[in-house]
Amino acid sequence: MSKQYVNVIVDIVHTAVDRVFQYEVPEELFGKLSLGMKVRIPFGRGNTVRDGYIIGFTEKPDYDPEKIKQVQAVEEEAMPIEGQLIQLAAWMKEHYGST
């Protein structure tokens, strides 16, 4: 089985993390993730558990696969963000310089 990766925006308002991060999808979550879903991820050098939102999927990572961490869990009770809202937020960031 080939590996799958998700592009995630981290739920932190800070200009240093205002970008997309990639995480590997563990086998137990294959086929269970969708665009806009809220997930729990290890973040930073200390692997602090943070919330993030899936904004895309890929089978080819943009970074060294050995350095990519895995999604830890799905936030079951969270409401997924609509894909159109994610696209709107990305457009606003590019055109208006917002985070």
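I began with a definition: two strands pair if DSSP finds at least two bridges between them. Strands themselves (E, at least two residues) and helices (H or I, at least four) are DSSP runs, numbered from the N terminus.

**Entry 1: what I am looking at.** This is a predicted model, in which local features need pLDDT of at least 70 and side-chain atom pairs count only at pLDDT 80 or more, while totals for chains, interfaces and linings use all residues. Residues are numbered from 1 along each chain as its sequence is written, and side-chain values use heavy atoms, with hydrogens and water left out. I looked up pLDDT, the predictor's confidence in each residue, from 0 to 100. The chain has a mean pLDDT of 86, with 92% of its residues at 70 or more. Confidence is highest in β3, at a mean of 95, and lowest in α1, at 76. A note to self: where pLDDT is low, the predicted coordinates should not be read in detail.

**Entry 2: the sheet.** In what order do the strands of the sheet lie? I found an open sheet of five strands, β2-β1-β4-β3-β5, with antiparallel pairing. β2 and β5 stand at the edges with a single partner strand each, so one side of each has no neighbour in the sheet. I then went through some of the pairings. β1 and β4 run antiparallel and are joined by six bridges; I9 has Y53 of β4 as its bridge partner. β3 and β4 are also antiparallel, over six bridges, and here F43 is matched with T48 in β4. The hairpin of β3 and β4 has four residues between the strands, and G44 takes a positive phi near 80 degrees there. β3 pairs with β5 over two bridges, again in the antiparallel sense, and R40 has A73 of β5 as its bridge partner.

**Entry 3: inside and outside.** I took buried as under 20% relative accessible area, exposed as over 50% and partly exposed as in between (1.4 Å probe, protein chains only). Why is β3 largely enclosed by the rest of the structure? Five of its six residues are buried. For a contrast I picked E76, in the loop between β5 (73-74) and α1 (83-96). E76 is exposed, because its relative accessible area is 69%. Its C-alpha atom is 8.6 Å from that of V39, although the two residues are 37 apart along the chain.

**Entry 4: the core.** A nonpolar core is a set of buried Ala, Val, Leu, Ile, Met, Phe, Trp, Tyr and Cys residues joined through side-chain atoms within 4.5 Å. The largest has 15 residues, of which V6, Y23, L33 and V39 touch the most other members. β1 (5-10), β2 and β3 each supply at least two residues of this core.

**Entry 5: two rings.** I found one aromatic pair in the structure. F21 and F43 sit edge-to-face, at 5.1 Å centre to centre and 85 degrees between the planes. (Rings of Phe, Tyr and Trp, the last by its six-membered ring, pair if their centres lie within 6.5 Å; planes under 30 degrees apart are stacked, over 60 edge-to-face, and the rest tilted.) The pair links distant parts of the chain, with F21 in β2 (residues 20-24) and F43 in β3 (residues 38-43), 22 residues apart. Both F21 and F43 are buried.

**Entry 6: D51.** Is D51, in strand β4 (residues 48-58), buried or exposed? D51 counts as buried because its relative accessibility is 17%. Its side chain makes a polar contact with the side chain of R40 at 2.5 Å.

Definitions and conventions. A polar contact is a pair of N or O atoms within 3.5 Å; within protein, one must be able to donate a hydrogen and the other to accept it, and residues adjacent in sequence count only if both atoms are side-chain atoms.
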